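Here's a quick briefing for anyone opening this structure for the first time. Take a look at it, then read on.

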Amino acid sequence: MSQERYLEPHQARTRMPTLFEDLLGDSIERAFGEGVTTLPELVAYLNRVGPSGERGEAWTEEGFQALMKRLGD
Amino acid sequence: MNSRTIPISVDPVQTVLDNGLKDLWYPVCPSGFVKDQPVSMKRMGRKLALWRDGAGQVHALEDHCPHRGAPLSQGVILGDRIACPYHGVEVRCDGMVTKVPGSPGCKLEGQHAAKAFHVKEAFGAIFIYNSDDYAKEPKPLVLPEELTSDAYSNFLCYAEWRSDYRYALDNVMDPMHGTFLHKQSHSMSEGDSKASFQVRETDNGFVFEKVGQRGINFDWTEWADTGCHWMRLEIPYPKTGGPGGNFAIVGCVTPINAELCAVFFWRCRKVSDWMRSTWRFLYRNRLEARHWAVLEQDRIMMEQMEPDANSRENLYQHDIGLVRLRRHLKHLAEEQVEASGS
(Lines give C-alpha, C1' and ligand atoms only; values in the text may rest on other atoms or scores of the structure.)
Protein backbone atom coordinates (compact mmCIF):
# COMPACT_ATOMS: atom_id res chain seq x y z
CA MET A 1 0.00 0.00 0.00
CA SER A 2 1.50 3.26 -1.05
CA GLN A 3 0.43 6.54 0.45
CA GLU A 4 0.85 10.21 -0.34
CA ARG A 5 4.02 11.56 1.09
CA TYR A 6 5.53 15.00 1.39
CA LEU A 7 8.48 15.82 -0.87
CA GLU A 8 8.71 19.56 -1.43
CA PRO A 9 12.02 20.96 -2.69
CA HIS A 10 11.11 24.55 -1.79
CA GLN A 11 10.11 24.98 1.82
CA ALA A 12 11.85 28.25 2.64
CA ARG A 13 10.51 30.55 -0.02
CA THR A 14 6.98 31.84 -0.14
CA ARG A 15 6.91 32.75 -3.83
CA MET A 16 8.92 32.30 -7.01
CA PRO A 17 12.08 34.43 -7.11
CA THR A 18 12.10 37.43 -9.44
CA LEU A 19 14.62 37.80 -12.25
CA PHE A 20 16.20 40.66 -10.31
CA GLU A 21 16.66 38.43 -7.25
CA ASP A 22 18.22 35.69 -9.39
CA LEU A 23 20.69 38.14 -10.97
CA LEU A 24 21.53 39.59 -7.58
CA GLY A 25 22.07 36.10 -6.15
CA ASP A 26 24.39 35.26 -9.07
CA SER A 27 26.40 38.39 -8.47
CA ILE A 28 26.64 37.92 -4.68
CA GLU A 29 27.83 34.34 -5.17
CA ARG A 30 30.43 35.46 -7.71
CA ALA A 31 31.64 38.17 -5.33
CA PHE A 32 32.01 35.65 -2.48
CA GLY A 33 33.69 33.21 -4.85
CA GLU A 34 36.23 35.88 -5.75
CA GLY A 35 37.08 36.36 -2.09
CA VAL A 36 34.79 39.20 -0.99
CA THR A 37 34.15 38.90 2.76
CA THR A 38 33.10 42.35 3.98
CA LEU A 39 30.01 44.46 3.39
CA PRO A 40 31.90 47.46 1.88
CA GLU A 41 33.67 45.12 -0.55
CA LEU A 42 30.39 43.48 -1.50
CA VAL A 43 28.64 46.80 -2.09
CA ALA A 44 31.58 48.02 -4.19
CA TYR A 45 31.48 44.76 -6.18
CA LEU A 46 27.77 45.12 -6.90
CA ASN A 47 28.23 48.73 -7.99
CA ARG A 48 31.03 47.65 -10.32
CA VAL A 49 29.54 44.46 -11.75
CA GLY A 50 25.78 44.86 -11.26
CA PRO A 51 22.94 44.44 -11.11
CA SER A 52 22.02 47.87 -9.87
CA GLY A 53 19.49 48.35 -7.09
CA GLU A 54 15.82 47.45 -7.56
CA ARG A 55 14.97 50.83 -8.98
CA GLY A 56 18.23 51.31 -10.84
CA GLU A 57 19.91 53.09 -7.97
CA ALA A 58 23.49 52.59 -6.82
CA TRP A 59 24.05 50.22 -3.90
CA THR A 60 24.78 51.53 -0.45
CA GLU A 61 25.52 49.47 2.65
CA GLU A 62 22.21 50.55 4.19
CA GLY A 63 20.24 49.83 1.02
CA PHE A 64 21.80 46.39 0.60
CA GLN A 65 21.23 45.47 4.23
CA ALA A 66 17.61 46.62 4.12
CA LEU A 67 16.94 44.56 0.99
CA MET A 68 18.60 41.44 2.41
CA LYS A 69 16.56 41.80 5.58
CA ARG A 70 13.38 42.04 3.55
CA LEU A 71 14.23 39.07 1.32
CA GLY A 72 16.04 36.91 3.86
CA ASP A 73 14.39 37.35 7.24
CA MET B 1 -1.34 -3.93 15.98
CA ASN B 2 -2.86 -4.08 12.53
CA SER B 3 -5.75 -6.53 12.72
CA ARG B 4 -5.05 -7.93 9.26
CA THR B 5 -1.70 -9.34 10.32
CA ILE B 6 -1.52 -12.38 12.54
CA PRO B 7 1.93 -12.46 14.10
CA ILE B 8 3.50 -15.86 14.65
CA SER B 9 5.69 -14.42 17.36
CA VAL B 10 6.26 -10.82 18.31
CA ASP B 11 9.57 -9.76 19.73
CA PRO B 12 8.66 -6.90 22.07
CA VAL B 13 12.12 -5.33 21.73
CA GLN B 14 11.73 -5.33 17.96
CA THR B 15 8.27 -3.79 18.27
CA VAL B 16 9.64 -0.94 20.39
CA LEU B 17 12.42 -0.37 17.87
CA ASP B 18 10.06 -0.59 14.89
CA ASN B 19 7.75 2.10 16.24
CA GLY B 20 10.34 4.29 17.93
CA LEU B 21 11.60 4.25 21.50
CA LYS B 22 9.24 5.49 24.19
CA ASP B 23 9.51 8.44 26.55
CA LEU B 24 11.16 10.67 24.00
CA TRP B 25 10.15 13.74 22.05
CA TYR B 26 9.81 13.20 18.32
CA PRO B 27 9.24 15.92 15.75
CA VAL B 28 6.19 14.80 13.78
CA CYS B 29 5.67 17.53 11.17
CA PRO B 30 6.42 21.16 10.35
CA SER B 31 4.32 23.67 12.31
CA GLY B 32 2.50 24.72 9.16
CA PHE B 33 0.91 21.28 8.73
CA VAL B 34 -1.56 21.98 11.54
CA LYS B 35 -3.68 25.00 10.73
CA ASP B 36 -7.34 25.59 11.56
CA GLN B 37 -8.64 22.06 10.90
CA PRO B 38 -7.70 18.86 12.73
CA VAL B 39 -5.09 16.76 10.96
CA SER B 40 -4.62 13.00 10.97
CA MET B 41 -1.18 11.52 10.65
CA LYS B 42 0.51 8.23 11.30
CA ARG B 43 3.65 8.51 13.41
CA MET B 44 5.51 6.07 15.67
CA GLY B 45 3.23 3.29 14.43
CA ARG B 46 0.11 5.12 15.63
CA LYS B 47 -2.57 7.25 14.07
CA LEU B 48 -2.66 10.68 15.66
CA ALA B 49 -5.20 13.51 15.53
CA LEU B 50 -3.61 16.94 15.90
CA TRP B 51 -5.37 20.27 16.19
CA ARG B 52 -4.85 23.84 17.33
CA ASP B 53 -7.00 25.58 19.90
CA GLY B 54 -8.00 29.25 19.67
CA ALA B 55 -4.74 30.34 21.30
CA GLY B 56 -2.69 28.42 18.72
CA GLN B 57 -1.65 25.64 21.09
CA VAL B 58 -1.38 22.24 19.37
CA HIS B 59 -2.97 19.16 20.97
CA ALA B 60 -2.65 15.49 20.07
CA LEU B 61 -4.83 12.47 20.76
CA GLU B 62 -4.80 9.05 19.21
CA ASP B 63 -7.03 9.40 16.14
CA HIS B 64 -9.48 6.95 17.62
CA CYS B 65 -12.63 7.94 19.48
CA PRO B 66 -12.83 5.99 22.76
CA HIS B 67 -16.50 5.28 22.03
CA ARG B 68 -16.42 3.35 18.73
CA GLY B 69 -13.01 4.14 17.29
CA ALA B 70 -14.09 6.72 14.72
CA PRO B 71 -11.38 9.17 13.60
CA LEU B 72 -11.43 12.17 15.92
CA SER B 73 -9.55 14.11 13.26
CA GLN B 74 -12.79 14.29 11.26
CA GLY B 75 -14.42 16.06 14.19
CA VAL B 76 -15.01 19.60 15.36
CA ILE B 77 -12.47 21.60 17.37
CA LEU B 78 -13.84 22.92 20.67
CA GLY B 79 -10.74 24.65 22.02
CA ASP B 80 -8.77 22.07 23.97
CA ARG B 81 -11.44 19.46 23.22
CA ILE B 82 -12.51 17.79 20.02
CA ALA B 83 -15.98 16.44 19.25
CA CYS B 84 -16.09 13.13 17.42
CA PRO B 85 -17.98 13.47 14.12
CA TYR B 86 -19.74 10.11 14.56
CA HIS B 87 -21.72 10.57 17.82
CA GLY B 88 -20.53 13.91 19.15
CA VAL B 89 -18.46 12.44 21.99
CA GLU B 90 -16.24 15.20 23.32
CA VAL B 91 -12.67 14.38 24.30
CA ARG B 92 -10.28 16.75 26.05
CA CYS B 93 -6.61 17.07 25.08
CA ASP B 94 -5.56 15.04 28.15
CA GLY B 95 -7.68 12.12 26.93
CA MET B 96 -10.67 12.62 29.22
CA VAL B 97 -14.15 12.20 27.77
CA THR B 98 -15.96 15.36 28.87
CA LYS B 99 -19.35 14.77 27.26
CA VAL B 100 -21.37 11.96 25.71
CA PRO B 101 -24.32 13.80 24.13
CA GLY B 102 -26.16 10.58 23.27
CA SER B 103 -26.11 9.25 26.84
CA PRO B 104 -25.50 12.01 29.38
CA GLY B 105 -24.10 10.72 32.65
CA CYS B 106 -22.93 7.39 31.20
CA LYS B 107 -19.79 5.93 32.71
CA LEU B 108 -17.60 6.95 29.77
CA GLU B 109 -17.99 10.58 30.88
CA GLY B 110 -15.10 11.65 33.07
CA GLN B 111 -12.91 8.72 32.03
CA HIS B 112 -9.44 9.18 30.58
CA ALA B 113 -10.43 6.79 27.84
CA ALA B 114 -8.55 8.31 24.90
CA LYS B 115 -4.84 8.10 24.39
CA ALA B 116 -3.29 11.54 24.78
CA PHE B 117 0.15 12.91 23.98
CA HIS B 118 2.14 15.86 25.23
CA VAL B 119 2.91 18.36 22.50
CA LYS B 120 5.50 21.09 22.07
CA GLU B 121 6.11 23.37 19.16
CA ALA B 122 9.68 24.50 18.59
CA PHE B 123 11.98 25.50 15.74
CA GLY B 124 9.25 25.29 13.15
CA ALA B 125 8.18 21.75 14.07
CA ILE B 126 5.58 20.04 16.22
CA PHE B 127 7.05 17.57 18.71
CA ILE B 128 5.08 14.74 20.32
CA TYR B 129 6.12 12.89 23.46
CA ASN B 130 5.96 9.20 22.61
CA SER B 131 4.68 7.79 25.87
CA ASP B 132 2.00 5.30 26.87
CA ASP B 133 1.29 7.23 30.04
CA TYR B 134 0.07 10.81 29.70
CA ALA B 135 0.15 11.26 33.48
CA LYS B 136 3.90 10.76 33.48
CA GLU B 137 5.79 14.05 33.36
CA PRO B 138 7.62 14.33 30.02
CA LYS B 139 11.36 14.91 29.95
CA PRO B 140 12.43 18.42 29.01
CA LEU B 141 13.01 18.90 25.30
CA VAL B 142 16.60 20.05 24.85
CA LEU B 143 18.05 20.71 21.42
CA PRO B 144 21.56 21.78 20.44
CA GLU B 145 22.83 25.34 20.30
CA GLU B 146 22.61 25.47 16.53
CA LEU B 147 18.85 25.71 17.09
CA THR B 148 18.62 27.44 20.46
CA SER B 149 21.34 30.08 20.21
CA ASP B 150 20.74 33.47 18.60
CA ALA B 151 24.21 33.24 17.10
CA TYR B 152 22.81 30.76 14.55
CA SER B 153 20.18 31.02 11.89
CA ASN B 154 18.34 27.98 10.56
CA PHE B 155 15.85 26.63 8.05
CA LEU B 156 13.96 23.40 8.54
CA CYS B 157 13.85 20.92 5.67
CA TYR B 158 11.20 18.23 6.14
CA ALA B 159 10.67 15.20 3.94
CA GLU B 160 9.01 11.80 3.98
CA TRP B 161 11.08 8.90 2.75
CA ARG B 162 9.76 5.50 1.71
CA SER B 163 12.20 3.70 3.96
CA ASP B 164 12.49 2.24 7.41
CA TYR B 165 13.59 5.10 9.69
CA ARG B 166 16.67 3.16 10.76
CA TYR B 167 18.20 3.41 7.30
CA ALA B 168 17.91 7.18 7.59
CA LEU B 169 19.64 7.06 10.99
CA ASP B 170 22.38 4.79 9.61
CA ASN B 171 22.87 7.20 6.73
CA VAL B 172 23.64 10.13 9.02
CA MET B 173 25.90 7.97 11.19
CA ASP B 174 27.91 7.12 8.08
CA PRO B 175 29.85 10.28 7.14
CA MET B 176 31.91 8.38 4.57
CA HIS B 177 29.00 8.13 2.15
CA GLY B 178 29.45 11.88 1.55
CA THR B 179 32.73 11.28 -0.25
CA PHE B 180 31.13 8.78 -2.63
CA LEU B 181 27.37 9.32 -2.96
CA HIS B 182 27.67 13.11 -2.84
CA LYS B 183 31.01 13.50 -4.61
CA GLN B 184 29.41 15.56 -7.35
CA SER B 185 27.74 17.90 -4.86
CA HIS B 186 28.53 21.55 -4.32
CA SER B 187 30.31 20.99 -1.02
CA MET B 188 31.53 17.42 -0.61
CA SER B 189 34.19 16.68 -3.20
CA GLU B 190 37.23 17.20 -0.99
CA GLY B 191 38.97 15.03 1.53
CA ASP B 192 40.38 11.59 2.15
CA SER B 193 38.23 8.75 0.84
CA LYS B 194 40.06 6.16 2.96
CA ALA B 195 39.93 7.95 6.29
CA SER B 196 40.02 6.12 9.58
CA PHE B 197 37.44 6.84 12.23
CA GLN B 198 37.15 6.96 15.98
CA VAL B 199 34.29 7.17 18.47
CA ARG B 200 34.46 9.84 21.15
CA GLU B 201 32.07 9.87 24.11
CA THR B 202 30.09 13.04 24.94
CA ASP B 203 27.83 13.87 27.91
CA ASN B 204 24.71 12.89 25.98
CA GLY B 205 25.93 10.48 23.36
CA PHE B 206 28.93 10.16 21.10
CA VAL B 207 30.79 11.65 18.18
CA PHE B 208 31.92 9.49 15.28
CA GLU B 209 34.76 11.33 13.56
CA LYS B 210 37.54 11.03 11.04
CA VAL B 211 40.97 10.86 12.60
CA GLY B 212 42.92 13.97 11.64
CA GLN B 213 40.39 15.55 9.27
CA ARG B 214 38.08 18.38 10.23
CA GLY B 215 36.40 21.07 8.20
CA ILE B 216 37.17 19.53 4.80
CA ASN B 217 34.17 17.33 4.07
CA PHE B 218 31.41 15.59 6.06
CA ASP B 219 34.05 14.63 8.65
CA TRP B 220 32.11 13.87 11.81
CA THR B 221 28.65 13.15 13.03
CA GLU B 222 27.24 13.27 16.51
CA TRP B 223 24.40 11.40 18.09
CA ALA B 224 22.77 12.61 21.31
CA ASP B 225 19.88 11.92 23.64
CA THR B 226 18.58 15.01 25.43
CA GLY B 227 14.93 14.07 25.80
CA CYS B 228 14.91 13.73 22.01
CA HIS B 229 17.26 11.73 19.85
CA TRP B 230 19.07 14.05 17.47
CA MET B 231 22.12 14.00 15.28
CA ARG B 232 24.44 16.80 14.30
CA LEU B 233 27.05 17.23 11.63
CA GLU B 234 28.93 19.96 9.85
CA ILE B 235 29.77 20.38 6.22
CA PRO B 236 32.07 23.16 5.01
CA TYR B 237 30.51 25.67 2.67
CA PRO B 238 32.18 26.56 -0.58
CA LYS B 239 33.56 30.09 -0.78
CA THR B 240 30.47 31.17 -2.76
CA GLY B 241 28.41 30.66 0.40
CA GLY B 242 29.99 33.81 1.77
CA PRO B 243 31.52 34.63 5.13
CA GLY B 244 30.19 32.85 8.19
CA GLY B 245 30.64 29.56 9.95
CA ASN B 246 30.37 26.05 8.57
CA PHE B 247 27.07 24.68 7.51
CA ALA B 248 25.63 22.58 10.31
CA ILE B 249 22.77 20.12 10.14
CA VAL B 250 20.71 18.99 13.11
CA GLY B 251 18.72 15.92 12.15
CA CYS B 252 15.90 13.87 13.61
CA VAL B 253 14.15 10.87 12.11
CA THR B 254 10.66 9.83 13.15
CA PRO B 255 9.13 6.50 12.14
CA ILE B 256 5.78 6.71 10.37
CA ASN B 257 5.32 3.00 9.67
CA ALA B 258 7.52 0.17 8.47
CA GLU B 259 7.77 1.65 4.97
CA LEU B 260 7.85 5.36 5.63
CA CYS B 261 9.74 7.76 7.83
CA ALA B 262 9.75 11.50 8.46
CA VAL B 263 13.12 13.21 8.25
CA PHE B 264 13.84 16.61 9.78
CA PHE B 265 17.00 18.43 8.83
CA TRP B 266 17.53 21.85 10.34
CA ARG B 267 20.12 23.57 8.21
CA CYS B 268 22.00 25.96 10.44
CA ARG B 269 24.75 28.48 10.09
CA LYS B 270 26.58 30.65 12.59
CA VAL B 271 26.04 34.01 10.95
CA SER B 272 25.13 37.46 12.20
CA ASP B 273 24.31 40.88 10.87
CA TRP B 274 24.32 41.38 7.07
CA MET B 275 25.91 37.94 6.59
CA ARG B 276 22.90 36.35 8.24
CA SER B 277 20.30 38.00 6.04
CA THR B 278 22.46 37.52 2.93
CA TRP B 279 22.82 33.80 3.68
CA ARG B 280 19.09 33.59 4.26
CA PHE B 281 18.44 35.34 0.95
CA LEU B 282 20.81 33.00 -0.89
CA TYR B 283 19.28 29.99 0.87
CA ARG B 284 15.79 30.94 -0.28
CA ASN B 285 16.90 31.95 -3.73
CA ARG B 286 19.20 29.00 -4.62
CA LEU B 287 20.98 27.15 -1.83
CA GLU B 288 17.88 25.30 -0.69
CA ALA B 289 17.54 23.75 -4.15
CA ARG B 290 21.17 22.59 -4.08
CA HIS B 291 20.83 21.13 -0.60
CA TRP B 292 17.64 19.43 -1.74
CA ALA B 293 19.44 17.82 -4.68
CA VAL B 294 21.99 16.33 -2.26
CA LEU B 295 19.26 15.10 0.07
CA GLU B 296 17.50 13.49 -2.89
CA GLN B 297 20.60 11.36 -3.49
CA ASP B 298 20.21 10.07 0.06
CA ARG B 299 16.48 9.53 -0.29
CA ILE B 300 16.80 7.60 -3.54
CA MET B 301 19.52 5.42 -2.01
CA MET B 302 17.45 4.77 1.15
CA GLU B 303 14.36 3.95 -0.88
CA GLN B 304 16.24 1.47 -3.06
CA MET B 305 17.54 -0.47 -0.05
CA GLU B 306 15.68 -3.76 0.41
CA PRO B 307 13.86 -3.78 3.76
CA ASP B 308 16.07 -6.64 4.95
CA ALA B 309 19.32 -5.31 3.46
CA ASN B 310 20.66 -4.70 6.95
CA SER B 311 20.31 -8.38 7.83
CA ARG B 312 23.03 -9.36 5.31
CA GLU B 313 25.95 -7.01 5.69
CA ASN B 314 29.73 -7.12 5.79
CA LEU B 315 30.74 -4.07 7.74
CA TYR B 316 34.15 -2.44 7.99
CA GLN B 317 35.83 0.23 10.05
CA HIS B 318 33.78 3.10 8.63
CA ASP B 319 30.63 1.48 10.00
CA ILE B 320 31.47 1.52 13.70
CA GLY B 321 29.38 4.67 14.20
CA LEU B 322 26.18 3.09 12.96
CA VAL B 323 26.96 -0.20 14.70
CA ARG B 324 27.41 1.72 17.92
CA LEU B 325 24.07 3.50 17.44
CA ARG B 326 22.18 0.31 16.54
CA ARG B 327 23.51 -1.43 19.64
CA HIS B 328 22.67 1.52 21.83
CA LEU B 329 19.10 1.79 20.53
CA LYS B 330 18.60 -1.96 20.94
CA HIS B 331 19.89 -1.73 24.47
CA LEU B 332 17.49 1.13 25.25
CA ALA B 333 14.62 -0.87 23.78
CA GLU B 334 15.53 -3.88 25.93
CA GLU B 335 15.55 -1.67 29.01
CA GLN B 336 12.14 -0.27 28.14
CA VAL B 337 10.65 -3.70 27.58
CA GLU B 338 12.12 -4.92 30.85
CA ALA B 339 10.82 -1.87 32.73
CA SER B 340 7.32 -2.36 31.31
CA GLY B 341 7.34 -5.95 32.55
CA SER B 342 6.40 -7.54 29.23
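Residues 25-128 of chain B are 0% helix and 43% strand. Keep in mind that this is a predicted model. The rest of the briefing covers that stretch, one helix further along and a single arginine.

**The 25-128 stretch**
- An unreviewed UniProt entry labels residues 25-128 of chain B "domain: Rieske".
- The end C-alpha atoms of this stretch sit 5 Å apart.

**Helix H6 of chain B**
- H6(B) runs over residues 320-340, which makes 21 residues.
- At 1.5 Å a residue it should span 30 Å, and its end C-alpha atoms are indeed 30 Å apart, so the two agree.
- Its buried residues are B:Gly321, B:Leu322, B:Leu325, B:Leu329, B:Leu332, B:Ala333 and B:Val337.
- Looking down the axis of H6(B), you'd find those buried residues within an arc of 140°, so they line one face of the helix.
- B:Arg327 and B:Glu338 are on the other side of H6(B), and they're exposed.
- The cover over the buried residues of H6(B) includes helices H1 (12-19) and H3, plus strands S14 (205-210), S15 (220-225) and S16 (229-235), of chain B.
- Just after H6(B) comes B:Gly341, with a positive phi of about 75°.

**B:Arg166**
- You'll find B:Arg166 in helix H3 of chain B, which covers residues 165-172.
- Is B:Arg166 buried or exposed? It counts as buried, because its relative accessibility is 18% and the cut-off for buried is under 20%.
- Leaving aside residues up to four places away in sequence, B:Arg166 touches B:Gln14, B:Leu17 and B:Asp18.

Definitions and conventions. Residues numbered from 1 in each chain as written. Chains lettered and ligands numbered in written order. Predicted model: local features only at pLDDT ≥ 70, side-chain atom pairs only at ≥ 80, totals over all residues. Heavy atoms only, no water. Helix = DSSP H or I, 4+ residues; strand = E, 2+ residues; numbered from the N terminus. Buried < 20%, exposed > 50% of the residue type's maximum accessible area, 1.4 Å probe, protein only. Contact = heavy atoms within 4.5 Å. Expected span 1.5 Å × (residues − 1). Arc of directions from axis to C-beta. UniProt positions renumbered as here; feature names shortened; annotations may be inferred.
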